[in-house]
Amino acid sequence: MKDKRYDLHCHTTCSDGSMTPQELIEHAKEIGLSGLAITDHDTIEAYREAIPLSQQLGLELISGAEFSTHYKETSVHLLAYAFSLNNPEIIRFCKRHQERRRKRNLAIIEKLKKAKMSISEEELIINERVAPISVGRPHIAEALVKRGYVSSIQEAFNRYIGEGCPYFEPGERFSVEETIEVIHKAKGKAVIAHPHLINESRVVEALTQFDFDGIEVYYARFGESQCQKWLQLAKKKNWLVTGGSDFHGIAKQNILLGSSWAPEETFDILREHFLKNNDL
Ligand code: AMP
Ligand code: ZN
Ligand code: FE
Ligand code: FE
């Protein structure tokens with residue numbers, strides 16, 4: 001029998017992905033995935049549509065979200081899994097992140113305006129097929145392409161709004177500790193997202209001291225050999241080994257859904273927690 005695949009990292013139109021929750025669930029089923037966690041940036045809105053549809057299609061789903069945090073000056077993404085979707089703390093936390101995004105988007109728009117690249121806040125939403133809940137830099141990049149200021153989303157990040165670029169804004173910072181605390185209050189598991197992308201070893205070292213439950217060992221384009229280091233760390237810390245593609249659809253064309261996945265034993269643990277924490 002073919003190995004079961006559980007992709008625990010993907011985005012929908014609720015944040016910066018290009019598939020609606022319905023399209024994503026149908027696509028996951030079509031390509032033969034056994035289970036999925038949707039990890040939109042700072043929103044759990046996709047689950048409204050995804051839960052009934054996944055039940056109907058027989059695809060195992062667990063709750064998920066990706067939160068942006070900072071450790072000192074470094075951006076660190078955290079994944080939350082298997083939490084209660086009705087938990088007021090996590091719902092409030094998502095709202096606070098929406099506010100952070102709104103202020104940050106306005107600050108970036110202001111900087112761009114001064115540089116004679118005018119885009120409006122409305123464009124970030126109306127350019128989209130479905131209005132996103134979490135609006136972010138990919139939406140700004142898209143607006144810059146539509147206005148003809150750049151020829152691609154990549155160019156917008158490379159020249160203007162990527163980290164270290166002139167019109168980048170970090171926005172309000174959320175700490176790793178606070179984010180882990182909220183995830184735990186919602187009875188979820190807190191996981192370090194794509195550690196492969198953290199360049200500074202002192203940051204990785206610092207992260208190992210926090211109360212994480214897991215680490216995303218298998219990620220996107222990274223091969224088996226590049227994952228060994230993270231697998232060793234997971235073993236040492238007795239953390240869950242997770243994995244996922246970080247699928248965004250056409251927003252990141254070269255990353256396919258199901259191209260990275262979590263081991264079945266991890267999914268079984270998370271699925272059990274998810275069912276315990278949610279009345280479906
Ligand atoms: P934000 O959450 O608003 O800071 O936007 C972060 C998202 O932008 C990431 O999850 C990616 O989807 C996308 N992104 C970040 N850096 C780049 C880049 N250099 N090129 C293209 N997309 C990027
Ligand atoms: Zn994204
Ligand atoms: Fe991320
Ligand atoms: Fe992601």
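**Exercise 1. In this predicted model, determine which residues H97 touches, not counting residues up to four places away in sequence, and decide whether H97 is buried or exposed.**

Solution.
Step 1. Locate the residue: H97 belongs to helix α3, which covers residues 88-114.
Step 2. List its partners. Once residues up to four places away in sequence are set aside, H97 touches D42, F67, S68 and F174.
Step 3. Apply the cut-off for burial, which is under 20% relative accessible area. The relative accessibility of H97 is 0%, and therefore H97 counts as buried.

**Exercise 2. Describe the surroundings of I183: where is it found, and with which residues is it in contact beyond its neighbours within four places in sequence?**

Solution.
Step 1. I183 is found in helix α7, residues 176-185.
Step 2. Its relative accessible area is 0%, so I183 is buried.
Step 3. Beyond the neighbours within four places in sequence, I183 is in contact with F67, L79, A80, G188, K189 and A190.
Step 4. Consider also a pair separated along the chain: A65 and I183 are 118 residues apart in sequence, and their C-alpha atoms are separated by 9.8 Å.

**Exercise 3. State the strand order of the open sheet of five strands, and explain why one side of β4 and of β8 is left without a neighbour in the sheet.**

Solution.
Step 1. The five strands of this open sheet are arranged as β4-β5-β6-β7-β8, and their pairing is mixed.
Step 2. Strands β4 (64-71) and β8 (240-244) stand at the edges; each has a single partner strand, so one side of each lacks a neighbour in the sheet.
Step 3. On average, and with direction ignored, neighbouring strands of this sheet are turned by 40° against each other.
Step 4. Examine the pairings. β4 and β5 (residues 74-81) run antiparallel and are joined by eight bridges; Y71 stands opposite T74 in β5. β6 and β7, by contrast, pair in the parallel sense over two bridges, and I192 stands opposite I215 in β7.
Step 5. Consider the cover. Six of the six residues of β7 are buried. Helix α10 (residues 264-277) lies across β5, β6 (189-192) and β8, and runs at about 95° to β8.

**Exercise 4. Give the order and pairing of the open sheet of three strands, and identify what helix α2 touches on the sheet.**

Solution.
Step 1. The order is β1-β2-β3, with parallel pairing.
Step 2. β1 and β3 (60-62) stand at the edges with a single partner strand each, which means that one side of each has no neighbour in the sheet.
Step 3. Two bridges join β1 to β2 (residues 35-37) in the parallel sense, and Y6 stands opposite G35 in β2.
Step 4. Helix α2 (residues 47-57) packs on the sheet and touches β2 and β3; its direction makes about 155° with that of β3.

**Exercise 5. Test whether the span of helix α9 agrees or disagrees with 1.5 Å a residue, and find which of its residues are buried.**

Solution.
Step 1. Helix α9 (residues 224-237) has 14 residues and should span 20 Å at 1.5 Å a residue.
Step 2. The end C-alpha atoms of α9 are 20 Å apart, so the span agrees with the expected value.
Step 3. The buried residues in α9 are C227, W230, L231, L233 and A234. What covers them includes α8 (201-207), β7 (214-219) and β8.
Step 4. Just after α9, N238 takes a positive phi of about 60°.

**Exercise 6. Identify the residues that coordinate the iron ion (ligand 3) and the zinc ion (ligand 2), and state what distance separates the two ions.**

Solution.
Step 1. E66 (OE), H77 (ND1) and H194 (NE2) coordinate the iron ion (ligand 3) at 2.0 to 2.2 Å. Their spacing in sequence is E-x10-H-x116-H. H77 in strand β5 and H194 in the loop between β6 and α8 are 117 residues apart, a pair that links distant parts of the chain. H77 and H194 are both buried.
Step 2. The zinc ion (ligand 2) is coordinated by D16 (OD), D16 (OD), H41 (NE2) and H248 (NE2) at 2.1 to 2.7 Å. Along the chain these donors follow the spacing D-x24-H-x206-H. D16 lies in the loop between β1 (6-7) and α1 (21-30) and H248 in the loop between β8 and α10, so this pair ties together parts that are 232 residues apart in sequence. D16 and H248 are buried.
Step 3. The iron ion (ligand 3) and the zinc ion (ligand 2) are separated by 6.0 Å.

Conventions:
Residues numbered from 1 in each chain as written. Chains lettered and ligands numbered in written order. Predicted model: local features only at pLDDT ≥ 70, side-chain atom pairs only at ≥ 80, totals over all residues. Heavy atoms only, no water. Helix = DSSP H or I, 4+ residues; strand = E, 2+ residues; numbered from the N terminus. Buried < 20%, exposed > 50% of the residue type's maximum accessible area, 1.4 Å probe, protein only. Contact = heavy atoms within 4.5 Å. Pairing = 2+ DSSP bridges. Axes fitted to C-alpha atoms, helices over the stretch in contact; angles between N-to-C directions. Expected span 1.5 Å × (residues − 1). Donors = N, O, S within 2.8 Å, 3.2 Å for Na, K, Ca; no water.
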